[in-house]
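Biologist: Could we go through this structure together? I should like to begin with a single residue and work outwards from there.

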Amino acid sequence: MMTVYLLIAVLIAGLMALARSHAQVRALGYVFYGLQLLFALSIWMFARGSEQLQFFTFDALGMLFFGLLSVISLVAFYQSNVYLAEDPLHPFQTYHISLLLLCASATAVYFSNNLAVTWVFLEATTLATAGLIYHGRSASSLEATWKYVFICSTGILLAYLGVLLLSTVTIHGDLSYAALADVIATGNPLYLKIAFVFILVGYSCKLEVFPLYTVGIDANYAAPTPASAVVSTVLVNAGFVSLLRVYRLFAQTPVYGWVSGVLLLCGVISVLVGAVYLRRTNHYKRFFAYSTTENLGIVLIGLGLGGVAVFAAVFHVMAHSLVKSGIFFNVAQIGRIYGSYRINRIGNYICVNRLGAVSMLLGTVSLLALPPSALFISELMIFKQVIASGRWWLFGVMVVLLCFVMYSLAYRLLRLLYKPVALPEGEHAVNRLVTWSGFVLILLAVVLGIMQPDPLVNFIESIIAW
Amino acid sequence: MLLALIVLYVVSLLYLSIIERFRHYVMILALQGWLLFGVALLRWHASEWYELAFVVTETLIFKALVLPAILYRVIRRTGINRVHTASVAVFNQLLMSMGLLLGSLVMTYYMAADTQFDMVFFGVALYAVLSGMLLIITHKRIFSHLVGFLVIENGVFLFAMAIGVEMPYLINIAILLDILMSVLMLGMVIARIGTRYRHMNVDNLDSLKD
C-alpha cells in the first residue's frame with residue numbers, strides 16, 4: 001500500500017508539472033487528496049500494524065497523525081484553490097506540487113520504522129516546504145526560503161550526526177527502531193547523550209521549538225496562509241512523531257533522566273519565547289506561529305515529565321493540530337478581507353464575518369486552554385504531573401509564562417473582534433464555505449475537550465505503551 | 001598513505017580560514033572531494049567490496065565533480081568574487097581554526113579512547129564540522145555559508161567512516177539525493193538573492209523580525 005501511495009504521489013506531482021491549466025492542476029489535486037483520504041481509511045480497516053516496503057509500518061502513532069494530515073491537507077488544498085485562483089499557472093503548479101510532496105514526505109515520516117529513513121524524509125519535507133515559502137517571490141519570501149533551507153539543512157545534518165552516533169550501538173548498522181530498542185541500553189552513555197542533543201537540535205526546526213524555532217516562524221509568515229496551516233500542523237507533527245520515536249528509545253536507557261532534563265529545559269525556553277513574542281509581534285501569521293512554539297514547548301515539558309504527561313503530550317499535539325489549522329484557515333480569510341495581516345490594521349471582525357469571528361473566538365479560547373477546549377484536558381494533565389513530580393519551580397514558571405500567553409491571546413482576540421477600523425475599499429466578500437471549513441476543525445477540537453471517546457483514549461494509550 | 005591524505009585534509013581545512021576568493025573555496029572543496037575519494041578507496045579492505053564501491057563512486061562523482069561544478073556555476077551566475085566581508089580578521093580566523101583543531105584533538109582523546117572508533121578519522125571529522133560552523137559564523141557573505149554547510153557535510157562523511165556504519169543502498173542513495181537537492185536549492189536561492197541584492201551579505205537578509 002505504501003508503494004502505491006508514494007507512486008501515486010510522484011505520478012500526480014509529475015502530471016501537475018505537465019498540466020496546461022489551473023483546472024487540470026485542481027482536478028489532479030482533488031484526485032490525490034481524495035485518494036489520500038481513502039488510503040487513510042483503508043489502512044485503518046485492512047492494514048493496521050502491517051510492515052510496508054521494509055522501512056514503513058502502519059502503527060498507531062503514524063495512523064493517528066496521518067488521519068489528521070488527510071483531513072487538514074484536503075481543507076488546505078481547497079482553500080489554496082480559493083486564494084491562489086488568480087495566480088499565474090507556473091507558481092500555481094509549483095505551489096501545489098510542493099504541497100503534495102510535503103504531504104507525501106510527512107506521511108513517510110509518520111510511518112517510517114527506521115531512524116535513517118525518518119531522517120531522509122524529514123529532509124525531503126524541507127525541500128518541499130521551500131517551494132511553498134518561495135511562492136510569493138518577494139524579498140521577504142526569498143529571505144525566508146534561504147533561512148529555512150539553510151538552517152533546516154544544517155540542523156538536519158546535525159541530527160544525522162546523532163543518527164550516526166546511535167548507529168554505534170547497532171548490529172550491522174540496522175537503524176530500525178525495533179532493532180535499536182533491543183540494544184540501545186548497552187550504548188555508551190556519553191554518546192547517547194550527545195546523540196540525543198544533536199537529534200533534538202535537528203528536529204527542533206520542524207517542531208518549531210527552541211533552539212531552531214525561528215525558521216518555522218519565518219516559514220509560516222512567508223508561505224501562503226493555507227500552506228501555513230499545513231506547516232504549523234502537518235510538518236510540526238512530523239517533527240513530533242520523529243522525536244517521540246527517539247524518545248521511546250531513550251526511555252529505556254540509563255540516560256533517560258538526563259534526556260528528561262534537556263526536554264524540560266527546551267520546553268520551558270520555548271514557552272518563554274512564545275510568551276515574549278506573542279506580545280511583541282504585529283503580524284497575525286507570526287503571532288499564531290509563536291503560539292505553536294509555545295504549545296510545542298508545553299508538549300516537550302510533557303515528554304520531559306514522563307508518566308501520564310506523555311499521554312497528555314500526544315493528545316495536546318493532536319488537539320493543537322485541529323485548533324491551529326482551523327485558526328490559520330480563518331486567518332487566511334481575514335487576510336483576504338482586510339488585504340493585510342498587520343494586527344494594528346485589523347479589527348471589527350464581528351461585524352464583517354460573524355461566523356468567522358465566532359470561529360476565531362472559539363479557536364482562541366481553545367488555545368487559551370480554557371474549558372471546553374481539548375487543550376485544557378492535556379494541560380491539566382501536564383500540570384498534575386508537574387505537581388506529582390514535586391517540581392514546584394516548574395509549576396511556578398509555567399503559570400507565570402502562561403499568564404503572559406493568555407493575556408496576549410485575549411488582548412489580540414478582542415482587538416480583532418471589536419476594534420473599530422475602516423474596511424479597505426473593494427474588499428473580498430466573505431466565503432461561507434471557507435469559514436465553515438476552518439470552523440469545523442475547531443469544533444472537532446472542542447468536542448474532544450467535552451468528551452474523549454474510549455476508542456481514542458485506548459488508541460493513544462497504545463501509542464505510548466512501550 | 002592514508003595518514004598523508006588525512007593530514008592534507010586537515011591542511012585544506014586550515015587553508016579555508018584564510019581564503020579570500022570564492023573560486024579558491026570551490027577548489028579546496030573539490031580537493032577535499034578527491035581526498036575523501038582517496039580515503040574511501042584506501043579503506044577498501046574495511047567492508048564488502050560492493051558497498052565500498054558505491055561509497056567510492058558516490059564520493060568521486062558527488063563531492064569531487066558535481067558539487068564543485070554547481071558552485072562554479074553559482075559564482076559565474078552571480079559574479080561574486082572576493083570574500084572581503086568577514087566579520088573577523090583573517091589572522092584571527094586562522095588562530096580560531098587552529099584552536100578548534102587543538103580542541104578537536106583533546107576532545108577526541110577524551111571521547112574516542114577505548115572505543116571502536118578510528119581516532120584519527122574521528123578527530124578530523126570533528127574538526128571539519130567545527131570548521132564549517134566557524135566559517136558560517138565568521139563570514140557575512142551567504143556563499144561562504146553554503147561552503148560552510150558543505151564543509152560540515154564532508155565532516156559528517158568522515159564521521160560515518162570513523163564509525164564504520166554500513167547503511168542499506170537505498171538509504172545511502174536517498175541521503176545523497178537529499179543533500180544534493182539541498183545544495184541545488186541553496187545554489188538557486190543564492191543566484192536569486194544575487195539578482196536582487198548587490199553584495200549578497202547576510203545584512204541584506206534581516207527584514208524578518210519582530
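Modeller: Let us start with Asp218(A), which is buried, with a relative accessible area of 5%. Please keep in mind that this is a predicted model.

Biologist: Which residue does Asp218(A) form a salt bridge with?

Modeller: The partner of Asp218(A) is Arg286(A), and the closest N and O atoms of the pair are 3.1 Å apart. Asp218(A) belongs to helix H9 of chain A and Arg286(A) to helix H12 (residues 284–305) of chain A, so the salt bridge ties together parts that are 68 residues apart in sequence.

Biologist: And is Arg286(A) buried or exposed?

Modeller: Arg286(A) is buried, because its relative accessible area is 5% and the cut-off for a buried residue is under 20%.

Biologist: How many salt bridges does the structure hold over all chains?

Modeller: There are six over all chains. One of them joins Arg248(A) to Asp59(A), with the closest N and O atoms 4.0 Å apart. This pair links distant parts of the chain: Arg248(A) sits in helix H10 (residues 225–250) of chain A, while Asp59(A) is in the loop between strand S2 (56–57) and helix H3 (60–83) of chain A, 189 residues apart. Both Arg248(A) and Asp59(A) are buried.

Biologist: What about Glu143(A), which residue forms a salt bridge with that one?

Modeller: Glu143(A) pairs with Lys147(A), and their closest N and O atoms are 2.7 Å apart. The two residues are four places apart in helix H6 (residues 139–166) of chain A, so about one helical turn separates them.

Biologist: Why would residues four places apart point the same way?

Modeller: An α-helix has 3.6 residues a turn, so residues three or four places apart point the same way. As for its surroundings, Glu143(A) counts as buried, at 0% relative accessibility.

Biologist: Let us change topic to the backbone. Where are the cis peptide bonds?

Modeller: One cis peptide bond joins Phe210(A) and Pro211(A), with omega about 10°. Pro211(A) lies in the loop between helix H8 (189–207) and helix H9 (214–222) of chain A. Another joins Pro371(A) and Pro372(A), again with omega about 10°. Pro372(A) is in the loop between helix H15 (354–367) and helix H16 (374–388) of chain A.

Biologist: What is phi of Glu208(A) near?

Modeller: Phi of Glu208(A) is near 60°, which is a positive value in a residue other than glycine. Glu208(A) is in the loop between H8 and H9 of chain A, and Pro211(A) lies in that loop too. Glu208(A) is buried, with a relative accessible area of 1%.

Biologist: And what is phi of Asn348(A) near?

Modeller: Phi of Asn348(A) is near 55°, a positive value in a residue other than glycine. Asn348(A) is found in the loop between helix H13 (308–338) and helix H14 (349–352) of chain A. With a relative accessible area of 23%, Asn348(A) is partly exposed.

Biologist: Now the surface, please. Which residues make the nonpolar patch?

Modeller: The nonpolar surface patch is made by Val31(A), Leu35(A), Leu38(A), Leu41(A), Trp44(A), Met45(A) and Phe46(A), and covers about 750 Å². Among them, Phe46(A) is in helix H2 (residues 22–46) of chain A, and this residue is exposed, with a relative accessible area of 67%.

Biologist: Turning to chain B, which residues form the positive surface patch?

Modeller: The positive surface patch is formed by Arg23(B), Arg73(B), Arg76(B), Arg77(B) and Arg192(B). Helix H3 (residues 49–78) of chain B gives the most to this patch, with three residues. Arg77(B) is located in helix H3 of chain B and counts as exposed, at 59% relative accessibility.

Biologist: Where is Ala69(B) found?

Modeller: Ala69(B) is found in helix H3 of chain B. At 44% relative accessibility, Ala69(B) counts as partly exposed. Ala69(B) and Val26(B) are 43 residues apart in sequence, and their C-alpha atoms are 8.6 Å apart in space.

Biologist: One last helix: is H5(B) largely enclosed or open?

Modeller: In H5(B), 15 of the 20 residues are buried, so this helix is largely enclosed by the rest of the structure. At 1.5 Å a residue, the 20 residues of helix H5 (residues 119–138) of chain B should span 28 Å, and the end C-alpha atoms are 28 Å apart, which agrees.

Notes:
Residues numbered from 1 in each chain as written. Chains lettered and ligands numbered in written order. Predicted model: local features only at pLDDT ≥ 70, side-chain atom pairs only at ≥ 80, totals over all residues. Heavy atoms only, no water. Patch = residues over 30% accessible without salt bridge, like charges linked within 9 Å, V, L, I, M, F, W, Y side chains within 5 Å. Areas by Shrake-Rupley, 256 points an atom, 1.4 Å probe, with all protein chains shown as cover. Salt bridge = Lys/Arg side-chain N within 4 Å of Asp/Glu carboxyl O. Lys, Arg positive; Asp, Glu negative; His and termini not counted. Charge placed at Lys NZ, Arg CZ, Asp CG, Glu CD. Buried < 20%, exposed > 50% of the residue type's maximum accessible area, 1.4 Å probe, protein only. Expected span 1.5 Å × (residues − 1).
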